[in-house]
Amino acid sequence: MFDINEIREQFPILGEKVYGKPLIYFDNGATTHRPRRVIEKMDEYYYKYNSNVHRGVHYLSNKCTDANEEAREVVRGFINAASTKEIIFTRGTTESINLVAYTFSEAFLHPGDEVLVTEMEHHANIVPWQMACERKGATLKVIPFNEQGELDLSNLDSLITAKTKILGIAYVSNVLGTVNPVAELIKKAHAVGAKVLVDAAQAIPHIPVDVQALDCDFLAFSGHKIYGPTGVGILYGKESLLEQLPPWHGGGEMIKTVTFAKTTYNELPFKFEAGTPDFIGIIGLGEALKFVSEIGMSDIRAHELALLNYAHSELAKIDGMRFYGTATEKSGAISFLVGDIHPFDLGTLLDHMGVAVRTGQLCAEPVMQHYGINGLVRASLGVYNTEQEVDVLVKSIKRAAAMF
Ligand code: PLP
C-alpha cells in the first residue's frame, strides 16, 4: 500500500528547513532527492569496497564489478529491455542523446536526409541533432504543438517521410507536462524506415516505461531525476542497431585489442563505455530503481496523477492564474504565470516562504517562443509530495501576488 508518510521518512532532506521554514520541494523536474537507502548504499561502497571495475583480479574490484553489473540488470528489468547488452551507462540524458546523435549520424545520416524533433523538446534533444545535421548536411524538421500543449499531428504525413532518418521525441515534456503519444509515433516512423529516440528524462520517474512494448530504438534517462545520484544516466538501444553504430569515445574498456596499426572494439555494452564509469553512481542508481520498483510505478503514477489534478484545481482558483500545458494526458509538471508578475520575482518570493519551484526558460526556449513569453514558473511533482504541500504552494502564491 502507498504510505506517503513512510515514503517521506526515507528522504532525510525533507526534514530540513529553509529560512527557518519547512522545505517544500516542487522542483523535482530539475532534480529529485535521494532516499536514505541510496545514499547509504553509495556510502557503503565508498567505505568498504571502492575499487575500479572490470580491471582487477582482487576482491574489492570484483565486488564493485559485480555490483556495477547487477545494477545493469536492475536497469534492464526496470525498462524491460531484452538484454543487458542494450543498457549503456552514461553521465545522463544529455550525454545519452549526444552519443546517439553523433554515432547514428556518422552511420546513417547523409545530405538531404531529415531529422525530426518536436517543438516541445528540452535543449538536450534539439542541439545535438542540430549539430549532427550541420555536420552531415541534413535538415532538422519540427512537429509543432497546439495551444493546450499537445502535439499537432495534422501534418504528420508531410513531416514523417522517406527522408526522415530519425525522430527524437520527449515522452513527457519538462515544461508542459504533456505525455506524448510516443507508441503511435514510433509506429509511424517505423513505417517509413525511420528510427526513434525517446527522451524519457521526465517520464522515467512518473510512468511505467517498457522499451519492448514501445518498440523504441533508443531511450535515454538520467539517474538524478528518479531518486538516484547525479552523474549517471542510461542509454537504451536495440542491440542490432547499437551493433551497427561506430564507437563514440575512445579509450580503455571500449577496446578488444590495441596496436598502432589497428584497434578492435569491445562487445556491447562496453563498446560505448570508454574510461572509468561512475560505478558508485551506477550502484546508487540500481538502488534507486529498486526503491521505486518496491513502491510500484503504477502506484506512483496514481499518487502523482491525483496530486496533479488537485494542484491544477487549487491553483486555478488564484486570480490571474494562467496555465501553460493543459493536455489531456499529463504528468509531473505544472507551468504557469500569475497576472503580470515576473516568474523570477514570484519564484524568489516563494523561495523565501520555503517553497522551491523552478523559474525561467526551463531549457526549452522554443516553448517560450511558441507562447511569446520570457519564462514560466514550474511546480514539478515527486513521489513524496502531498496535498498539504500543494495547499502551502497555493497560499504562498496568493501571499506573493498580494505584494504586487
Ligand atoms: N530531457 C528532458 C526532457 C529534461 O527534462 C532534461 C533535464 O531537465 C534533460 C533532457 C537533460 O537531463 P540531464 O541534464 O540530466 O542530462
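How many bridges join strand 5 (residues 114-118) to strand 6? The views below begin with this pair of strands and are drawn from a predicted model.

**View 1. Strand 5 and strand 6 are joined side by side.** Five bridges connect the two strands, and the strands run parallel. Within this pair, Leu116 is found opposite Lys141 of strand 6. In general, the strands of a sheet pair through backbone hydrogen bonds, in either a parallel or an antiparallel manner.

**View 2. Seven strands form an open sheet.** The order of the strands across the sheet is 4-10-9-8-7-5-6, and the pairing is mixed. Strand 4 (87-90) and strand 6 (139-143) each have a single partner strand, so these two stand at the edges, and one side of each is left without a neighbour in the sheet. On average, neighbouring strands of this sheet are turned by 20° against each other, direction ignored.

**View 3. Helix 4 packs on the sheet.** Helix 4 comprises residues 93-108 and touches strand 4, strand 7 (164-170), strand 8 (195-199), strand 9 (218-222) and strand 10 (233-237). The direction of helix 4 makes about 155° with that of strand 9. Helix 7 (residues 182-191) lies across strand 7 and strand 8, and its direction is at about 175° to strand 7.

**View 4. Tyr45 and Tyr49 form an aromatic pair in helix 2.** The structure holds ten aromatic pairs. In the pair of Tyr45 and Tyr49, the ring centres are 4.9 Å apart and the planes stand at 55°; the pair is therefore tilted, since stacked pairs have planes under 30 degrees apart and edge-to-face pairs over 60. The two residues are four apart in helix 2 (residues 36-49), which means that about one helical turn separates them. Both Tyr45 and Tyr49 are buried. Lys63 lies over the face of Tyr49, at 4.6 Å from the ring centre.

**View 5. Phe104 and Phe108 form a tilted pair in helix 4.** The distance from centre to centre is 5.0 Å, with 50° between the planes. Phe104 and Phe108 are separated by about one helical turn, because they are four residues apart in helix 4. Phe104 has a relative accessible area of 2% and is buried, whereas Phe108, with a relative accessible area of 24%, is partly exposed.

**View 6. Ring pairs build an aromatic cluster.** The residues linked in this cluster are Phe11, Tyr227, Phe291 and Tyr384.

Technical notes. Residues are numbered from 1 along each chain as its sequence is written. This is a predicted model: local features need pLDDT of at least 70, side-chain atom pairs count only at pLDDT 80 or more; totals for chains, interfaces and linings use all residues. Side-chain values use heavy atoms; hydrogens and water are left out. Two strands pair if DSSP finds at least two bridges between them. Axes are lines fitted to C-alpha atoms, for helices over the stretch in contact, and angles run from 0 to 180 degrees between N-to-C directions. Contact means heavy atoms within 4.5 Å. Rings of Phe, Tyr and Trp (its six-membered ring) pair if their centres lie within 6.5 Å; planes under 30 degrees apart count as stacked, over 60 as edge-to-face and the rest as tilted. Buried means under 20% relative accessible area, exposed over 50%, partly exposed in between (1.4 Å probe, protein chains only). A charge sits over a ring if NZ of Lys or CZ of Arg is within 6 Å of the ring centre and within 35 degrees of the ring normal.
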